[in-house]
4 protein chains.
Amino acid sequence: MLILMPLDAPKDAIDKVKNKLTYNGCTPHEIPGAIKLGIGVTGPSSKLSLDEFKLLEYVDDVIRVSKPFKLVSREMKYEDTIINIDGELIGAKKINIIAGPCSVESREQIFEIAEMLKEMGIKFIRGGAYKPRSSPYAFQGLKEIGLKYLSEVKKELGMKIVTEAKDTETLDMVIEVADIIQIGARNMQNFSLLEKVGKTNIPILLKRGLSATIEDLLMSAEYIVSQGNNNVILCERGIRTFETYTRNTLDLNAVPVIKHLSNLPIFVDPSHGIGIANKVPNMALAGIAAGADGLIIEVHNHPEKALSDGMQSITPKQFKELLTKVKLLSKILERE
Amino acid sequence: MLILMPLDAPKDAIDKVKNKLTYNGCTPHEIPGAIKLGIGVTGPSSKLSLDEFKLLEYVDDVIRVSKPFKLVSREMKYEDTIINIDGELIGAKKINIIAGPCSVESREQIFEIAEMLKEMGIKFIRGGAYKPRSSPYAFQGLKEIGLKYLSEVKKELGMKIVTEAKDTETLDMVIEVADIIQIGARNMQNFSLLEKVGKTNIPILLKRGLSATIEDLLMSAEYIVSQGNNNVILCERGIRTFETYTRNTLDLNAVPVIKHLSNLPIFVDPSHGIGIANKVPNMALAGIAAGADGLIIEVHNHPEKALSDGMQSITPKQFKELLTKVKLLSKILERE
Amino acid sequence: MLILMPLDAPKDAIDKVKNKLTYNGCTPHEIPGAIKLGIGVTGPSSKLSLDEFKLLEYVDDVIRVSKPFKLVSREMKYEDTIINIDGELIGAKKINIIAGPCSVESREQIFEIAEMLKEMGIKFIRGGAYKPRSSPYAFQGLKEIGLKYLSEVKKELGMKIVTEAKDTETLDMVIEVADIIQIGARNMQNFSLLEKVGKTNIPILLKRGLSATIEDLLMSAEYIVSQGNNNVILCERGIRTFETYTRNTLDLNAVPVIKHLSNLPIFVDPSHGIGIANKVPNMALAGIAAGADGLIIEVHNHPEKALSDGMQSITPKQFKELLTKVKLLSKILERE
Amino acid sequence: MLILMPLDAPKDAIDKVKNKLTYNGCTPHEIPGAIKLGIGVTGPSSKLSLDEFKLLEYVDDVIRVSKPFKLVSREMKYEDTIINIDGELIGAKKINIIAGPCSVESREQIFEIAEMLKEMGIKFIRGGAYKPRSSPYAFQGLKEIGLKYLSEVKKELGMKIVTEAKDTETLDMVIEVADIIQIGARNMQNFSLLEKVGKTNIPILLKRGLSATIEDLLMSAEYIVSQGNNNVILCERGIRTFETYTRNTLDLNAVPVIKHLSNLPIFVDPSHGIGIANKVPNMALAGIAAGADGLIIEVHNHPEKALSDGMQSITPKQFKELLTKVKLLSKILERE
């Protein structure tokens with residue numbers, strides 16, 4: 001941290017700044033300059049709030065010299081975090097694809113789609129049992145029954161399960177079934193939930209919030225990792241902007257930026273990112289081209305009958321065509 | 001709901017739409033027009049997702065004719081919801097003011113400020129015991145001890161307590177102390193928490209999320225009210241936009257719009273709304289002028305020592321001057 | 001400007017930075033610190049682009065110590081800029097109100113409304129002759145004929161005219177008639193137009209662009225003032241955000257922020273700011289409460305027949321009621 | 001257009017709506033329904049403003065049934081617009097790449113880069129002679145001299161020139177040299193400029209404004225095409241959002257959406273879109289994968305010495321590597 005004051009700041013004001021730093025366990029270092037007096041800060045300054053110092057008299061500006069996120073940063077650990085899920089590596093050379101319906105709707109539905117996906121070589125199936133919905137009157141998922149069907153898919157077909165934990169109450173049940181626990185966009189700053197999943201060692205797919213900056217997303221990942229769970233997969237799924245033609249604005253810039261700032265793998269969710277089924281394949285390819293480590297895609301046998309997100313679900317046929325292109329694209333990018 | 005199809009849509013496609021409606025318990029009504037075929041929908045269409053219908057073949061557009069929120073709307077109940085908290089009416093003619101520090105930091109701190117506020121005639125004191133923070137390394141509140149100090153303020157000074165419930169786990173402890181439970185912006189779509197506070201009858205101050213539309217806010221209020229708790233106070237506290245000079249963009253347009261759409265009272269939080277202490281009084285007055293039913297303001301004895309949000313907290317002296325102006329302004333607006 | 005480099009940056013890299021500074025006429029000053037090497041910059045650094053320096057090897061960060069805007073800043077000139085238009089002072093104690101229809105539609109229309117406004121004591125009438133419209137098929141204004149009617153209003157009723165200059169071609173004709181030239185939101189960064197009006201001495205009402213930050217707005221004002229025309233009135237008229245219920249999001253935070261950063265007067269346009277006629281009075285009062293020096297409001301005799309912006313125009317009756325409240329509010333704020 | 005009124009709307013109110021339609025040359029068609037009375041509109045309704053009708057008494061909603069843009073839409077003309085520039089086809093199977101520095105800085109600079117690009121097979125060189133800059137103190141381009149250097153590049157190397165027209169005054173000089181005239185993001189709604197370039201037949205590269213919706217962009221293209229110039233290339237170059245880590249948020253969703261809505265070709269500018277040089281190649285590939293017809297990329301021999309946009313310019317070496325990948329990717333997408 002660096003605090004800038006005018007060269008003619010009174011000694012009192014300077015002492016106040018230094019005392020506040022010392023009080024917080026940090027060490028101030030005066031750096032007199034030609035235009036401003038700098039006060040460099042060493043010690044546990046990441047705990048300090050910039051704003052608290054900006055408020056002090058004669059303080060012109062306060063600059064954070066290092067990043068507020070630590071454990072998830074490349075500065076702290078340069079090597080890519082690779083997550084091993086029963087032999088499937090995430091964040092390594094291979095591009096991983098999670099596919100499946102938005103919600104588990106019935107045993108038949110989830111088995112039908114799971115079998116199709118398995119045949120295409122897909123290892124990870126998604127399907128929501130608990131669905132956070134903005135209307136209290138909308139379909140909220142099959143809940144425990146949905147989890148039961150997922151566990152049967154897991155047992156009978158050997159697929160790995162990706163499903164959402166909506167709250168701390170039902171988390172324990174989700175843990176029983178999930179190979180990857182999804183934290184949805186609206187829960188990205190549900191810090192109690194983050195802390196609780198941080199105490200497990202199950203891989204977490206953490207979706208970016210609708211108005212979360214890249215830094216916010218990394219800070220939320222930091223919550224999980226700081227509890228001991230390093231197995232975090234970040235997920236860009238679109239942010240909220242003024243553009244209303246699409247459901248969200250898929251911010252693919254975030255992909256190379258996150259690869260640069262963080263050691264964690266980053267996935268792209270083109271289904272929520274654009275929200276229009278027949279344009280999902282374009283955005284899936286764009287996500288891979290931008291450098292994503294994987295995709296999470298909504299695939300539904302009968303999108304027009306889906307109880308949620310039918311509008312953005314592609315059919316198995318569309319998905320299969322997409323897979324072919326993803327494979328070709330992976331080679332160009334020197335991935336698998 | 002109104003579904004638009006081309007005049008030359010095949011009978012099959014029209015039947016598919018009608019069947020999906022019937023299947024969902026609604027009744028379709030054909031409305032042939034000069035340019036489009038309209039299908040009007042009666043019945044429980046608020047449960048339907050527009051998107052699911054947009055997806056059907058030959059469907060050009062789907063228009064929601066009525067609002068997705070019901071219980072909180074003026075359409076359903078025209079009269080203002082007035083919340084009576086031990087004789088203090090919220091949402092009635094009187095403008096209510098909630099003031100106090102961001103966090104409870106110590107017994108001395110909260111009592112010192114509480115006594116000052118009480119002397120100024122303030123009935124509601126705010127103070128966070130559980131603080132959701134975007135960094136896991138930031139001060140997270142005094143927790144149970146903070147609640148204890150608040151309960152002592154309540155007992156000894158007779159002030160009403162406004163404090164935040166951060167999660168469902170600690171909600172029960174908050175309920176013991178709070179006269180009004182605050183749901184923070186990052187929890188506005190924590191639906192499990194909304195449902196749980198909806199099952200109490202304690203007044204809820206529901207803050208608008210950073211990227212929540214007015215409709216989203218009303219839908220979250222609907223979650224609470226649909227569980228039986230009508231005592232919801234909405235709160236505009238700024239949204240996230242491209243403007244970075246201020247902490248948030250206080251959307252005062254939301255105030256008259258919400259008064260128009262909803263029967264619930266609406267407060268303004270100018271402290272988070274602008275995030276710069278010496279500009280908070282301007283925005284507080286602006287909020288009242290826009291038609292707000294009340295304010296929630298951060299006041300701290302020693303903002304420069306505050307453990308959180310010091311940057312935006314005004315001093316008791318600044319607050320007192322503001323109060324005088326609020327009183328004068330209330331008269332112009334024919335309020336108290 | 002302050003450039004931060006690692007303490008162990010090689011001499012070569014440091015020299016490269018210093019040379020680039022010297023090459024651009026600036027003087028570098030080394031400031032060795034505990035954590036980073038700072039290079040302070042004196043001289044004409046406001047011409048430098050931060051980005052160019054961020055790009056150099058071993059440069060960690062570049063911080064602008066002073067503001068990029070100069071002439072319009074309070075740092076440069078602390079006193080409020082007061083604009084004298086034939087005895088009417090703008091930016092002084094008095095709150096000024098500009099009112100009138102969006103467009104001049106006919107001689108009868110503009111005279112009818114002008115007479116009503118004059119009777120209410122309004123000195124400044126607005127009315128567009130050239131209308132920038134997002135559709136090429138929409139009404140584009142009466143053009144020269146509109147200007148002619150405005151000049152007749154000026155001559156016969158003695159009102160001061162506020163009208164928009166849409167481009168450099170028609171500017172000369174607008175200059176003939178206008179007492180204040182409006183630069184619309186979509187032209188805020190039409191730098192050729194800014195430079196040309198900067199060479200006149202006619203007061204300019206410069207509207208904030210839909211996606212302009214406060215700094216962008218001040219930089220655009222700087223364009224005008226740097227050409228010699230100090231008579232600039234800034235205008236907050238709403239920005240574009242994700243909220244779609246209102247036409248724009250009126251950013252009233254900008255009002256006290258601009259009063260703090262700049263010596264120029266700031267007006268509020270509540271009509272565009274919310275875009276819903278019956279909510280304009282609330283936002284007009286909120287604008288004044290936030291500290292605005294004036295208002296520009298759309299008033300139309302027959303809003304439902306208006307050729308543009310009828311949706312957001314209030315009637316003379318609504319306007320009169322608003323005026324009464326504005327007067328009372330001004331007193332509270334110690335203005336006139 | 002479809003106007004919705006309550007079933008019990010008084011005859012007077014209905015007549016008012018109908019009369020306003022007739023007055024504007026349209027024909028109203030009553031469509032009585034089960035829940036609302038619909039009034040369908042035929043005739044020149046694209047000229048009407050929805051808002052004017054929303055304002056009328058008893059009008060619940062007004063819905064545009066067809067798009068406000070016509071000539072640029074696929075509805076009007078389904079076939080892709082292909083622009084032939086001396087044998088180079090834009091919008092056809094081949095992916096076109098425009099490359100070069102942000103600004104023309106000297107004869108040496110532009111020739112050096114032009115020769116390198118030509119050798120790589122690039123046909124279109126970009127380079128700004130007139131630079132709109134947000135600060136009046138920043139480098140504004142070499143102006144006429146810059147154009148002269150570009151014309152020499154054209155003559156001596158046979159490359160096609162892409163350069164920006166900043167205003168109507170200097171447009172004629174730009175026309176002398178440019179094979180494609182660029183309209184910058186800040187000029188996207190400079191309607192006078194759009195009209196003037198619409199009267200030429202030179203291809204126009206129209207960049208999306210910082211806060212322009214996809215519809216706004218298409219309406220601006222409509223301005224040009226409605227004047228007779230069909231040769232419009234749209235360009236996605238990033239929008240302004242709350243994310244500040246990147247210069248803009250590249251909205252690649254816009255690519256497949258525009259291909260769907262419009263017959264015009266769409267390019268992507270990854271340089272402005274992300275603003276960080278070493279991440280430009282990722283976003284360039286992502287743009288192509290999303291379905292873009294071409295790219296416009298800033299390439300500079302010595303980015304660290306660039307007078308503008310050095311931060312986001314890639315080197316010829318980086319560009320060459322990117323070209324190889326673009327070629328491989330094109331094949332996967334069945335393009336050239």
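Domain bounds come from an automatic or database domain assignment. Chain A has two such domains, domain 1 (2–63) and domain 2 (83–332).

This is a predicted model, in which local features need pLDDT of at least 70, side-chain atom pairs count only at pLDDT 80 or more, and totals for chains, interfaces and linings use all residues. Residues are numbered from 1 along each chain as its sequence is written, while chains are lettered from A and ligands numbered from 1 in the order in which they are written.

**Exercise 1. The domains of chain A**

Task: Find how far apart the C-alpha centres of domain 1 and domain 2 of chain A lie.

Solution: Start with the bounds, 2–63 for domain 1 and 83–332 for domain 2. Next, take the C-alpha centre of each domain; these two centres of chain A lie 44 Å apart.

**Exercise 2. Chains D and A**

Task: Work out what rotation superposes chain D on chain A, and describe the side of chain D that touches chain A.

Solution:
- Step 1. Copies are superposed by least squares on the C-alpha atoms of residues with pLDDT of at least 70 in both. Chain D goes onto chain A by a rotation of 180° with 0.0 Å of shift along its axis, at an RMSD of 0.1 Å. That is the relation of a two-fold axis. In chain D, the C-alpha of D:Ala286 is nearest this axis, 2.0 Å from it.
- Step 2. Now look at contacts (two residues are in contact if their C-beta atoms, placed from the backbone, lie within 7 Å). On this basis 30 residues of chain D are in contact with 31 residues of chain A. Helices (H or I, at least four residues) and strands (E, at least two) are DSSP runs, numbered from the N terminus. On the chain D side, α8 (254–261), α10 (280–290) and α11 (316–332) are the elements that give two or more residues, and α10(D) gives the most, with six residues.
- Step 3. Sort the residues by type: Ala, Val, Leu, Ile, Met, Phe, Trp, Tyr, Cys and Pro count as nonpolar, Asp, Glu, Lys and Arg as charged, and the others, Gly among them, as polar. The side of chain D that touches chain A then divides into 18 nonpolar, eight polar and four charged residues.
- Step 4. Finally, 100% of the interface residues of chain D are also interface residues in chain A, so the copies meet through the same surface.

**Exercise 3. Chains C and D**

Task: Repeat the analysis for chain C laid on chain D.

Solution:
- Step 1. A turn of 180° and a shift of 0.0 Å along the axis lay chain C on chain D with an RMSD of 0.1 Å. Of the residues of chain C, C:Ser211 comes closest to the rotation axis, with its C-alpha at 2.7 Å.
- Step 2. The contact takes 36 residues from chain C and 37 residues from chain D. At least two residues each come from α2 (50–54), α5 (168–177), α6 (191–198) and α7 (214–226) of chain C, and α7(C) has the largest share, five residues.
- Step 3. By type, the side of chain C that touches chain D divides into 14 nonpolar, ten polar and twelve charged residues.

**Exercise 4. The barrel of chain D**

Task: Give the order in which the eight strands of chain D close into a barrel.

Solution:
- Step 1. Strands of a sheet pair through backbone hydrogen bonds, either parallel or antiparallel. Here two strands pair if DSSP finds at least two bridges between them.
- Step 2. The order is β7-β8-β9-β10-β11-β12-β13-β14, with parallel pairing. From one strand to the next, the twist averages 25°.
- Step 3. Take one pair: four bridges join β11 (residues 204–207) to β12 (residues 232–236) in chain D. In this pair D:Lys207 stands opposite D:Cys235.

**Exercise 5. Two unusual phi angles**

Task: Decide whether A:Lys143 and B:Tyr58 are buried or partly exposed.

Solution:
- Step 1. Most residues other than glycine have a negative phi, and most peptide bonds are trans. A:Lys143 has a positive phi of about 55°, and B:Tyr58 has a positive phi of about 70°.
- Step 2. A residue is buried if 20 or more other C-beta atoms, placed from the backbone, lie within 10 Å of its own, exposed if 12 or fewer, and partly exposed in between.
- Step 3. A:Lys143 has 15 such atoms and is partly exposed; B:Tyr58 has 17 and is partly exposed.

Definitions and conventions. Axes fitted to C-alpha atoms, helices over the stretch in contact; angles between N-to-C directions.
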